[in-house]
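Open the model in your viewer and keep the selection tool handy. We will go from stop to stop, and at each one you will hear what to select and what is there.

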Amino acid sequence: LAHGAREERIDRGLVRVCANLVEWPSVVRGAFPPAMLELPEAVLVTALKKHQRSFCTYHDDGTLAPGFLAVANNDLQDEELIRGGYERVVVARLADARFFWTEDCGKKLAARVDALTHVTFQEKLGSYYDKSVRVRSLAEYLAAAAGREELAPAVARAAMLSRADLTTAMVFEFPELQGTMGRIYARVVDGEPEDVCAAIEEMYQPRGADDALPATPAGALLSVADKIDSIAGCCAVGLGPTGSADPYALRRQALGVLKIIARQQWRLVMDDVLRTALTHYDAVDTAQVCAQVRQLLHGRLETLL
């Protein structure tokens, strides 16, 4: 690979983890059966990273190769024995992942939506199915308010599918793949349009201060709708941030909302957006909650500017 491409493939966080786990680092190169490359790249990378703190290897064209690099804590006097040990564990882990993949592909993502009624989002805010319904309604409103009415069907479809991967075996094993597996299953198993698939994954962006923003307008609409629903809902039931306590990361989500709106150059009346979001909650002092959320957004806007 070209130098820049090599740099992009290196997981710097994993490098730091490995550097701090060992005192005498030695790199071992192992292999696994090429048939395992049938797994999505995100699954392979995550399985190797999570279970064995190992790095993937790539061909010159950038595609995954059937091998890995592990960091051992010794001088490799018996390298073949150490390599064999790593390979046995890695192959077993990838076999598990392949089993999860095969099992999950036997059921469409759309058929998993109803199961979300049994997955709690927050005790006072209902299930993930309830949240998906609220996000769908708000995303359709935002599409109209932002002048992108043509995106309403795509964001509505993506909103209902966006949490369905929570019921899959793969996400149960690798929670960090939530959203990513939703996109993959929506494309591979359900055959959903690309804008719907992309929006499912982009709904979670940005996950942090340095994370990328949604690249598609549909993903941006869904991300804002999801975050506004969380912010408004938590504030409505008394779970808003207080002092340094922010257990639901509402400040981070508010900052993400503002970044997306600025990037997309939407002109939205936030009080109208909040009032729309709060229509799903009974016995709520809408004016008070709007004022609280407005103050939260103002604080993040100062930070952003």
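A residue counts as buried when its relative accessible area is under 20%, and as exposed when that value is over 50%, with partly exposed in between. Keep this cut-off in mind on the tour. Please also remember that you are looking at a predicted model.

**The whole protein**

Begin with everything shown as a cartoon. You should find 13 helices and five strands. The C-alpha atoms fill a box of roughly 70 × 40 × 40 Å along the principal axes. Of the 305 residues, 47% count as buried. Now colour the charged side chains: 34 are positive and 41 are negative, and the centres of these two sets lie 3 Å apart.

**Stop 1: Lys131 and Asp229**

Select Lys131 and Asp229 and show their side chains. They meet in a salt bridge, with 2.7 Å from N to O. This pair links distant parts of the chain, as Lys131 sits in helix α5 and Asp229 in helix α10, 98 residues apart. Is Asp229 buried or exposed? Its relative accessibility is 3%, so Asp229 counts as buried. Lys131 is buried too, because its relative accessible area is 1%.

Next, add Arg134, Arg163 and Asp226 to the selection. Together with Lys131 and Asp229, they are linked in a network of salt bridges. Side chains of opposite charge can pair when their charged atoms come close.

**Stop 2: two further salt bridges**

The structure holds 15 salt bridges, and here are two for you to select. Arg112 and Asp104 meet through their side chains at 3.7 Å, N to O. Both Arg112 and Asp104 are buried. Then move to Arg148, which forms a salt bridge with Glu150, the closest N and O atoms being 2.6 Å apart. Arg148 counts as partly exposed because its relative accessibility is 28%.

**Stop 3: Asp190**

Select Asp190, in the loop between α8 (180-188) and α9 (194-202). Asp190 is buried yet has no salt bridge. Which side chain of opposite charge is nearest to Asp190? It is Arg157, 4.9 Å away.

Now show the backbone atoms of Leu109 and Ala110. The side chain of Asp190 reaches the backbone nitrogen of Leu109 at 2.7 Å. The backbone nitrogen of Ala110 lies 3.0 Å from a polar atom of that Asp190 side chain. Leaving aside neighbours within four places in sequence, the contacts of Asp190 are Lys108, Leu109, Ala110 and Tyr185.

**Stop 4: Leu142 and helix α12**

Go back to helix α5 and select Leu142 there. Leu142 is buried because its relative accessible area is 1%. Which residues does Leu142 touch, not counting those up to four places away in sequence? They are Leu221, Val224, Ala225, Leu268 and Val273.

Follow Val273 into helix α12 (residues 270-278), where Val273, Leu274, Thr276, Ala277 and Leu278 are buried. To see what covers these buried residues, colour the surrounding helices: the cover includes α5 (128-145), α10 (217-236) and α13 (286-304).

**Last look**

Zoom out to the whole chain. Among contacts between residues at least 6 apart in sequence, 65% join residues at least 24 apart. The Lys131 and Asp229 pair from the first stop, 98 residues apart, is one example of a link between distant parts of the chain. Finally, switch on the surface: the accessible surface comes to about 15100 Å², of which 51% belongs to carbon and sulfur atoms.

Notes. Residues are numbered from 1 along each chain as its sequence is written. This is a predicted model: local features need pLDDT of at least 70, side-chain atom pairs count only at pLDDT 80 or more; totals for chains, interfaces and linings use all residues. Side-chain values use heavy atoms; hydrogens and water are left out. Buried means under 20% relative accessible area, exposed over 50%, partly exposed in between (1.4 Å probe, protein chains only). Helices (H or I, at least four residues) and strands (E, at least two) are DSSP runs, numbered from the N terminus. Contact means heavy atoms within 4.5 Å. A salt bridge is a side-chain nitrogen of Lys or Arg within 4 Å of a carboxyl oxygen of Asp or Glu. Accessible areas come from the Shrake-Rupley method with a 1.4 Å probe; for residues, only the protein chains shown count as cover. Lys and Arg count as positive and Asp and Glu as negative; His and the chain ends are not counted. The place of a charge is taken as NZ of Lys, CZ of Arg, CG of Asp or CD of Glu. A polar contact is a pair of N or O atoms within 3.5 Å; within protein, one must be able to donate a hydrogen and the other to accept it, and residues adjacent in sequence count only if both atoms are side-chain atoms.
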